[in-house]
Amino acid sequence: MSTVRLTMAQALVAYLAALRIEHDDGSARPYCAGVWAIFGHGNVAGLGEALAQHRDKLPTYRAHNEQAMAHAAIAFAKAKFRQRIMAVTTSIGPGATNLLTAAALAHVNRLPVLLLPGDVFASRAPDPVLQQVEDFAAGDISANDAFRPLVRYFDRITRPEQILSALPRAIQVMTDPATCGSVCLALPQDVQTMAFDCPVSFLQPAPLHT
């Protein structure tokens with residue numbers, strides 16, 4: 001199996017940049033039209049760098065309010081009749097929790113949106129970090145656990161290899177009319193920058209079909 005050395009964030013962004021959706025008329029477009037982003041300590045070094053590398057294929061749109069950019073992504077999905085999406089990334093803490101209302105809205109209205117909040121260090125060092133919302137009674141809980149009842153699919157990526165199954169599963173949920181809605185992949189800050197041997201086949205996803 002042919003592989004390439006990438007960070008988890010690079011693999012995630014490359015997959016989204018390559019994924020296409022084919023229409024009945026034979027035309028094809030990127031399934032993910034872009035990523036709304038507010039960068040901070042939870043996502044700038046990993047996901048932010050990866051997005052910069054692929055900005056020619058996967059545009060990044062900067063915003064000043066997390067909830068507003070999530071609602072913009074939901075509006076895009078509705079305007080495109082659920083056939084295309086936008087992703088949203090934030091830092092950990094209040095930035096991530098600002099997405100909760102939008103996650104609930106997309107859930108109940110079956111509108112696809114990919115939420116990519118940063119998460120606390122999987123290594124637990126350093127801990128806590130700036131603006132981290134931690135639970136001192138439970139070390140395995142972060143602010144992102146609040147998404148669990150509000151999305152159709154939730155996963156926390158604690159090893160870079162997990163993106164190989166988690167991201168296609170999230171896409172499957174968003175493209176299935178029976179399960180369509182918001183999905184959340186929580187991305188620990190250190191795991192975003194961990195390198196692994198990514199299969200080349202993962203970076204060449206089969207096109208979706210309407």
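The paragraphs below go through a sheet, a helix that packs on it, and the contact of that helix with another one. The model is a predicted one, and everything said here about its strands and helices should be read with that in mind.

A convenient place to begin is the open sheet, which is built from 6 strands in the order β5-β4-β6-β7-β9-β8 and shows parallel pairing. Its edge strands are β5, covering residues 60–62, and β8, covering residues 153–156, each of which pairs on one side only. Averaged over the sheet and with direction ignored, neighbouring strands are turned by 20° against each other. At the β5 end of this order, strand β4 (residues 32–37) pairs with β5 in the parallel sense over 3 bridges, and Trp 36 has Tyr 61 in β5 as its bridge partner. Helix α3 packs on the sheet, where it touches β4, β6 (85–90) and β7 (113–119), and the direction of α3 makes about 170° with that of β6.

From α3 one can move on to a second helix. The axes of α3 (residues 66–79) and α5 (residues 100–109) come within 8 Å and cross at roughly 20°; because angles under 35 degrees count as roughly parallel, α3 and α5 are therefore roughly parallel to each other. The crossing of these two helices, α3 and α5, is right-handed. On the α3 side the contact involves Gln 67, Ala 70, His 71 and Ile 74, which meet Thr 101, Ala 102, Leu 105 and Ala 106 of α5. Sorted by class, the residues in this contact of α3 with α5 comprise 5 nonpolar and 3 polar ones, with no charged residues.

Conventions. Residues numbered from 1 in each chain as written. Predicted model: local features only at pLDDT ≥ 70, side-chain atom pairs only at ≥ 80, totals over all residues. Heavy atoms only, no water. Axes fitted to C-alpha atoms, helices over the stretch in contact; angles between N-to-C directions. Helix = DSSP H or I, 4+ residues; strand = E, 2+ residues; numbered from the N terminus. Parallel < 35°, antiparallel > 145°, perpendicular 65-115°, else oblique. Left-handed = near helix turned anticlockwise from the far one by under 90°. Contact = heavy atoms within 4.5 Å. Nonpolar A, V, L, I, M, F, W, Y, C, P; charged D, E, K, R; others polar. Pairing = 2+ DSSP bridges.
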